[in-house]
Amino acid sequence: RLVNIVAFGNERDGFSEDSQQSSLIYTYLGRSALISQIDSSLSASHVGIPVFTEYQACVFGNVRLVVRDCPVWDIFDSDWYTSRSLIGGADIIVIKYSINDRTSFQELKDNYVPMIKKALNLCSVPVIISAIGARKNGVPCTCPLCTSDRRSCVTTTEGVQLAKELGATYLELHALNDFYIQNYFGGVLEYFMIQSLNQKSSEKMKTRKKLQKCHRVQPPQLEQPEKMPILKGEASHYDADLHNLLCCCQCADVAFYPEDLSTVVEAHKIILCSASHLFMLLFGVKSPADIRDASIVQTARTLFAVESGAALTPDPHGVPACVPPERVVVKDSVFFSCLPDILHFIYSGAFQWEQLEEDTKKKLKDPEKTEHVLEKVKCILKTPGKISTVKDCKSHQIKRLYNNSLRMFFNTPVLADVIFKIQDATVPAHRAVLVARCEVMAAMFNGNYLEANSILVPVYGVSKDTFLSFLEYLYTDSCCPASILQAMSLLVCAEMYQVMRLQHICELYIITQLQSMPSRELASTSLSIVSLLRKAKFHNSDCLSTWLLHFIATNYLIFSQKPEFQDLSAEERRFVERHRWPSNVYLKQLAEYRNYVHSQKCHCAVM
C-alpha cells in the first residue's frame, strides 16, 4: 500500500538569517512516532533542473510513504508538465508559506493558486494550507480582525480566505515543535492518510468484485413485480355543490324582501353565516358583544330588518319542530337589486370579486351606486377588528372559505334543523349542507319519504364515529381516517350514501397505508387483507378489490403462509397464482443455481 504526498512552498522567512532552519516536512518525518525507515534524495525535472526533495519512509507499520517537497514555486513556470504530474499523482497536497513573508504569499495567491485550482479540477485531493512562523510584531496574532501587522505579516483572515478558495484545511503553526508538528499538523495529515488508504481499499475491492462477477456463473435475474393498478383521485366539487344549492333553493330557511315586499330572494342561513360575521349577528348566532366591531353592527341595523314571527316550539334536542323561512327586509333598494349576484358570489365558494364588480357595474350603470353596493359587500365579508380592503376580497385571499367556516357548525345544534339518532346517541346537522353534498340525502329530505318531514332521523348499519367522520367530510370536504379499518368502515358508509369521492379517498388511504407497511410488519399483522378484499367486493369498490388481489400476488411468499390465504375463492386463487411474485420460473432457476454452486463447492457471494 502506498500514500503519495506533495508539498509546495517555502516555510522559511524571506529575510531570515537562519539558513539552517528546518523544513516542515523533514521535521514531521523525523519526529513522528508513526514514521520509520526514512530515506531522502534530490530529484530533477525532465529538463534536468533539481526541483524537489523526495523522502521515502514507512507509516502505520507496513504502508509505504512517498513525500515530494518542492520549496520553489518556479516549477509551475518552467516545468508545467512536472508540476501537473506531481499534483495528478498526489493523495494529499500540502501548501506552505511563512507568515512573515508577505511578498511570497502575495506571489502564491496571484500567480500559482489559479494554476493549482486548474490542476485540482481534474482530481479530488485533500489540501492542507500551513501558515508557519510567529509574527515578529510580538505575540502571535490569532485575531481575524487584526490589521496591525497587515503590512509586514500575513494575517489569519488572508490565510483562511486562501483556504476557502482552494477548499483546503487551514493550519497556523507558530513553531516547529512537538505540539504543532505531531499533535496539530501530524494529526490532520495522518487523518487524510487514513482516508486515502480507505478509499483505495474500497476501490480495489470494487474492482476485485467486478472481476469475480465477470468470471462466475450469474444467479437468475429477479424481475420486478407487475405494476399494480393506479387509483386516480376524483376532483373536488365542493364549491359547485354549494353553488347548486342556491340555484335549486332546496331547504331554504331565509327569505329576503325589498321594503315594498314585491319580490323575494331565498337563501340558507348556514351558508350565509359560514361566510359572514354580519349574518351571524343578524340571525342570532353571535351577539354584538361577540362581534366587537361597530361598523358590522351598524351595517346590519341599517341594511337589514328581521321580521318577528310566531314563536316556534323547539324539539327536546333544541331544534325547532317547524322552521319556515325567516323573513328579512332589505332596507336598501339598490343593494337588493344586486342581491342575487351577491348571493351567487357568496355561494360560489371561489369568491370571484372581479366578476362581482363587473356584474354590478353592468346592472347599475352608475359608478357611485356601484361603489356604494361594493362597500356594503366588503362590510358583510369583513373580519371583526380589521379594515376591509379590495385585496382582502380577491379570489386568492378567501378562496374555499367554507372548508374552514362550515367546520364551525359541524356537530353543533346552532342553526341545526335535523337530528340523527345513532346507537342511542344524537348528532345535530343542517339539511342545507346535507342536501347540497349528498344526492341520497337530497332525495331523502325532499321526496315522499318519512325523513322529509321528520326532525329525528334514525341511522342504521354504521357506528357513531364512522357517521361523524362521514358528516365531517360533507361539511369540510376532507377526512383523516385513524386506521385502515376505520377507512374501510367510512368507505362502506360512503357507498351507502353514494358519495363517490369520499369512497375514492378511503380507497387511496387504504392503499397508501398498505404500501408503506414493511414486509416484517405485513407478515406479523393481525389485519386480514382477505377480509378487506371481501368487503371491497361486497360494497362495489372494484378498484380497491383489484388492487388488493395484486397486492396479495406481489407479496405471495408472505400471504401464502397465512391461514386466510385458504379463504380465497378458486377464481381469486388462479389470479394470484398467475400474477405471483416471485414467479415459479424464477424459483426453479434459483434452485438450479444453488445446486450448481453446491456442486462447485465454492462460496456463493450472492446467497
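**Exercise 1. Contact range and overall make-up**

Find what share of the protein's contacts between residues at least 6 apart in sequence join residues at least 24 apart.

Solution. Take the contacts between residues at least 6 apart in sequence; 67% of them join residues at least 24 apart. The model is predicted. Next, count the elements: the protein has 28 helices and 14 strands. Last, check burial. Of the 607 residues, 47% are buried.

**Exercise 2. The cores**

Identify the residues that touch the most other members of the largest nonpolar core, and place that core relative to the domains.

Solution. Start with the membership: the largest nonpolar core holds 111 residues. Phe256, Phe420, Phe467 and Phe470 touch the most other members. Domain 2 (246-309 + 323-385 + 393-403) and domain 3 (515-606) both contribute residues, so this core lies between them. A second, separate core has 32 residues, including Trp73, Ile116, Ala119 and Ala168.

Now look at Phe420. Set aside its neighbours within four places in sequence. Its contacts then include Ala425, Val427, Met441, Phe445, Phe467 and Leu471. Thr426 is also one of its contacts.

**Exercise 3. Strand β11 and its partners**

Determine the sense in which β11 pairs with β8 and with β10.

Solution. Take β8 (residues 254-258) first. It pairs with β11 (residues 326-330) in the parallel sense, over 5 bridges. One of the residue pairs is Val254 with Glu326 of β11. Then take β10 (residues 304-306). It runs antiparallel to β11, and 3 bridges join the two. Here Phe304 has Val330 of β11 as its bridge partner.

**Exercise 4. Helix α15**

Test the length of α15 (residues 367-380) against the rise of 1.5 Å a residue, then describe its start and its packing.

Solution. The helix has 14 residues, so it should span 20 Å at that rise. Its end C-alpha atoms are 20 Å apart, which agrees. At the start, a side-chain oxygen of Asp366 comes to within 2.9 Å of the backbone nitrogen of Glu368. Now list the buried residues: Thr370, Val373, Leu374, Lys376, Val377, Lys378, Cys379 and Ile380. These pack against α9 (277-282), α11 (294-303), α12 (333-337), α13 (339-347) and α14 (353-364).

**Exercise 5. Asp293**

Decide whether Asp293 is buried or exposed, and find its side-chain polar contacts.

Solution. Locate the residue: Asp293 is in the loop between α10 and α11. Its relative accessibility is 7%, so Asp293 counts as buried. Its side chain makes a polar contact of 2.5 Å with that of Ser295. Another, of 3.2 Å, joins it to the side chain of Lys382. Leaving out residues up to four places away in sequence, Asp293 touches Lys382, Thr383, Pro384, Gly385 and Lys386.

**Exercise 6. Unusual backbone**

Locate Arg292 and Asn540, which have positive phi without being glycine, and the cis peptide bond from Trp581 to Pro582.

Solution. Begin with the background. Most residues other than glycine have a negative phi, and most peptide bonds are trans.

- Arg292 has a phi of about 55°. It sits in the loop between α10 (288-291) and α11. Arg292 is exposed, at 73% relative accessible area.
- Asn540 has a phi of about 60°. Its loop lies between α24 (529-538) and α25 (542-554). Asn540 is exposed too, at 52% relative accessible area.
- The bond from Trp581 to Pro582 has omega near 0°. Pro582 is in the loop between α27 (570-579) and α28 (584-600).

How values were computed
Residues numbered from 1 in each chain as written. Predicted model: local features only at pLDDT ≥ 70, side-chain atom pairs only at ≥ 80, totals over all residues. Heavy atoms only, no water. Helix = DSSP H or I, 4+ residues; strand = E, 2+ residues; numbered from the N terminus. Expected span 1.5 Å × (residues − 1). Buried < 20%, exposed > 50% of the residue type's maximum accessible area, 1.4 Å probe, protein only. Contact = heavy atoms within 4.5 Å. Polar contact = N/O pair within 3.5 Å; in protein donor to acceptor, adjacent residues only side chain to side chain. Pairing = 2+ DSSP bridges. Core = buried A, V, L, I, M, F, W, Y, C linked by side-chain atoms within 4.5 Å. Domains from an automatic or database assignment.
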